[in-house]
Amino acid sequence: MSVQKISYNDRFIRDIVPSGEIEMYNASIADAEKMLMAKNGPGNDFLGWLDLPKTMNKEKIASIQSVADEIRGKADILICVGIGGSYLGARAAIEYMSNSFDDMRKPRVLFAGHSINSDYITDLLELTKDKEVAINVVSKSGTTTEPGVAFRVIRQWMEERYGRKEAAKRIIATTDPHKGALRKLAGEEGYATFEIPADVGGRFSVLTAVGLFPIAVAGIDISSLVKGACEAMDFCSGNSFEKNLAGHYAAVRNILFRRGFTTEVLASFQPQLHFVAEWWKQLSGESEGKSNTGIFPAALDYTTDLHSMGQYMQEGIRNIFETFLVLKKTKHSVAIPKFSDDGDELNYLAGRSFEDINSNAYKGTLLAHLDGGVPAATITLDDRSETTLGQLFYFFEKAIALSGYMLRVNPFDQPGVEAYKKNMFALLGKAGFTDLGAKLSSRMQGMDL
Ligand code: PA5
């Protein structure tokens, strides 16, 4: 029997919105849910993620696992080359599930291609020089510049080190089944490949080989991750907030947004949640920020950021609402020792665990921010297990899709991402962008950019 391992508590939101308003949103939840499930809303050709927990069946999982096991047997380090949705899900899962320090993981999964920086890539290759290395290059389009240029450098390094033939055996490409430069290159060089289904967009792809392969290489149980997502399909469906947890969270976000709370801060209390929040930030920002609307997603790591951003959260502009992401059970429990001298005056905490102290930090912060005029709700995760994380991934995906429909945008496209790319291509002199290049050059004349 499946157990729901995440919950959502909007108890304090109910103090600030008139009674019945959340219930009134059941109609919006029902409309959005209907559009999504009938696949007749905007972006309906990108809804493959909805059924992934079921379509990612035992055979598909076994084939990903078998390549992952092979890599686990021969590599000390897997370098994943990708950006955005082709990178964040894997990183989120690995950070959530693994030991705190990269050095303690074998194989280590390292990331490249998510920035443009010579020092980073030089340091990465220096770090890997005495180790056995494999590469997973991930790009749905197969043409994204950041991973593209990083992969060129890494591929050259691999071929110099192992020879072209052996390098090819150590490179796995995850890309579109038919199109794109990476698909073509993989065919020419004989790389092993995984397919990204055409109807799954990058930020919704963590439960495809994009996320599952590196996650499996890191030794995380991908069957349980997918099982968790499957379980979330049950409690994230239905036409009311009582039945549909994702719809509930989506409705609260929209209620607050319409009241002028245009920024959502996802505030976690565990360092292992940092990249889950980064993944959520992309999911939310890229899905909703368009047509001059959308909730601005921001993420903070507490208690660390209470000592930097805490002041703003308490007293800055009041257009922020906060969703706390709280973990009920850590893997270990460390208690504070008692000292006979009590020189640091901390004996009042002796015998209490870090989690007990952290839990009081959360409660104290929640109450303080409510007093400061920040509406707040809480998502609680039972533990750091694969099933809980799988449930969370699916919950957030479904919630952001419903929330996007409530905002009346297409949550599955990202037309705005093209603007910087076009300018960059024009400035770099890419073929086909000559006219734009000339315009930009004249616009920048005399400016010292
Ligand atoms: O969600 C998205 O679609 C984007 O974030 C993409 O994942 C990102 O731009 C990388 O694209 P690609 O996988 O084509 O290299």
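# A guided tour from strand E3 outward

Begin by selecting strand E3: Arg108, Leu110 and Ala112 point one way from the strand, Val109 and Phe111 point the other way, and all are buried. The model on display is a predicted one. Strand E3 spans residues 108-112, and 5 of its 5 residues are buried, which leaves the strand mostly covered.

**The partner of E3**

Next, add strand E2, residues 77-81, which pairs with E3 in the parallel sense over 5 bridges. To follow the register, select Leu78, which stands opposite Val109 in E3. Then select Val81, whose bridge partner in E3 is Ala112. Colouring E2 by side shows Ile77, Ile79 and Val81 on one face and Leu78 and Cys80 on the other, all of them buried. Because 5 of the 5 residues of E2 are buried, this strand is largely enclosed by the rest of the structure.

Step back from E3 to the loop between helix H5 (88-97) and E3, where Pro107 is found. The peptide bond joining Lys106 and Pro107 is cis, with omega at about -10°. As a general point, most peptide bonds are trans.

**The open sheet**

Now select strands E1, E10, E9, E7 and E8. These 5 strands form an open sheet in the order E1-E10-E9-E7-E8, with mixed pairing. Its edges are strand E1 (6-9) and strand E8 (296-301), each of which pairs on one side only. On average, neighbouring strands of this sheet are turned by 20° against each other, direction ignored.

At one edge, zoom in on E1 and strand E10 (residues 376-381): the two run antiparallel and are joined by 4 bridges. Select Ser7 to find its bridge partner in E10, Thr380. Then display helix H12 (residues 245-258), which lies across E1, strand E7 (263-268) and strand E9 (320-327). Helix H12 runs at about 30° to E1.

At the other edge, move to the loop between E8 and helix H14, where Thr303 is found. The peptide bond from Tyr302 to Thr303 is cis, with omega near 0°.

**A nonpolar patch at the surface**

Continue to helix H14, residues 310-315, which contains Tyr312. Selecting Met309, Tyr312 and Ile317 together shows a nonpolar surface patch of about 280 Å². Tyr312 counts as partly exposed because its relative accessibility is 36%, and that class lies between the limits of 20% and 50%.

**An enclosed helix**

For a contrasting view, select helix H10, residues 209-217: 9 of its 9 residues are buried, so the helix is largely enclosed by the rest of the structure. Among the buried residues of H10 are Leu212, Phe213, Pro214 and Ile215. After H10 comes Gly219, whose phi is positive, near 85°.

**Two exposed loop residues**

Which residue in the loop between E9 and helix H15 (354-371) should be selected next? It is Glu345. Glu345 is not a glycine, yet it has a positive phi of about 60°. With a relative accessible area of 62%, Glu345 is exposed.

The last stop is Arg408, in the loop between helix H16 (386-406) and helix H17 (417-428). Arg408 also has a positive phi, about 65°, although it is not a glycine. Arg408 counts as exposed, at 74% relative accessibility. In general, most residues other than glycine have a negative phi.

Technical notes: Residues numbered from 1 in each chain as written. Predicted model: local features only at pLDDT ≥ 70, side-chain atom pairs only at ≥ 80, totals over all residues. Heavy atoms only, no water. Patch = residues over 30% accessible without salt bridge, like charges linked within 9 Å, V, L, I, M, F, W, Y side chains within 5 Å. Areas by Shrake-Rupley, 256 points an atom, 1.4 Å probe, with all protein chains shown as cover. Salt bridge = Lys/Arg side-chain N within 4 Å of Asp/Glu carboxyl O. Buried < 20%, exposed > 50% of the residue type's maximum accessible area, 1.4 Å probe, protein only. Pairing = 2+ DSSP bridges. Axes fitted to C-alpha atoms, helices over the stretch in contact; angles between N-to-C directions. Contact = heavy atoms within 4.5 Å.
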